[in-house]
Amino acid sequence: MKIVRRIGASPRERGSVTGQTCPDIFELQSGDFAVIGTDRTAELDAVLPADAARADYERIVVISRETLVRAKADIPDA
C-alpha cells in the first residue's frame, strides 16, 4: 500500500503549530483514501443510523470540518 498524495491542505497550512499531529487525508495508490483522525468509535457506534453498520475491524474516525472542506477541491469527481 502506497500513499500517492495528500488531499487538501497540510496540517501546517491549516494552522497546526507543529504541523505533525492533526487530521489528514491521503489518496492511496489503489484509489482509496486513508484518514488520520480522532477515534470516536466508542461514542458514536451506538448512535449510528439504523442503515449504517461497522465491522469489528473498522473505526469511526472524526476529522475537523476545516480538514474536509479544504480537501474538497482535491477530491476527484470519479
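**Figure 1. L68 and its surroundings in helix α2.** In this predicted model, local features need pLDDT of at least 70 and side-chain atom pairs count only at pLDDT 80 or more, while totals for chains, interfaces and linings use all residues. Numbering starts from 1 along each chain as its sequence is written, and side-chain values use heavy atoms, with hydrogens and water left out. L68 belongs to helix α2 (helices are DSSP runs of H or I, at least four residues; strands are E runs, at least two; both are numbered from the N terminus). With a relative accessibility of 44%, L68 is partly exposed (buried is under 20% relative accessible area, exposed over 50%, partly exposed in between, with a 1.4 Å probe and protein chains only). L68 also teams up with F33 and I75 in a nonpolar surface patch of about 250 Å². Patch members have over 30% relative accessible area and no salt bridge; like charges are joined within 9 Å, nonpolar side chains (Val, Leu, Ile, Met, Phe, Trp, Tyr) within 5 Å. Areas are Shrake-Rupley values with a 1.4 Å probe, and for residues only the protein chains shown count as cover.

**Figure 2. The open sheet of β1, β2 and β3.** Three antiparallel strands line up in the order β1-β2-β3 (strands pair if DSSP finds at least two bridges between them). β1 (3-6) and β3 (33-36) are the edge strands with a single partner each, so one side of each has no neighbour in the sheet. From one strand to the next, the twist averages 30 degrees (axes are lines fitted to C-alpha atoms, for helices over the stretch in contact, and angles between N-to-C directions run from 0 to 180 degrees). Zoom in on β1 and β2 (residues 24-28), and you'll find three bridges holding this antiparallel pair together. I3 faces L28 of β2.

**Figure 3. Salt bridges between β1 and β2.** R5 and E27 join through their side chains at 2.7 Å, N to O. This contact spans 22 residues, from R5 in strand β1 to E27 in strand β2. R5 is partly exposed at 31% relative accessible area, whereas E27 is buried at 15%. A second salt bridge pairs D24 with R6 at 2.9 Å, N to O. Here D24 comes from strand β2 and R6 from strand β1, 18 residues apart. D24 is buried, with just 4% relative accessible area; R6 is partly exposed at 34%. For the record, a salt bridge is a side-chain nitrogen of Lys or Arg within 4 Å of a carboxyl oxygen of Asp or Glu.

**Figure 4. The salt bridge of E43 and R40.** These two side chains meet at 3.2 Å, N to O. E43 counts as exposed, at 52% relative accessibility, while R40 is partly exposed at 34%. Searching the whole structure turns up five salt bridges.

**Figure 5. Zooming back out to the protein and its confidence.** Two helices and five strands make up the elements, strung along the sequence as β-β-β-β-α-β-α. The C-alpha atoms fit a box of roughly 35 × 30 × 20 Å along the principal axes, and 21% of the 78 residues count as buried. Mean pLDDT is 91, with 97% of residues at 70 or more (pLDDT is the predictor's confidence in each residue, from 0 to 100). Among the elements, helix α1 (residues 41-44) has the highest mean, 98, and helix α2 (residues 65-71) the lowest, 90.
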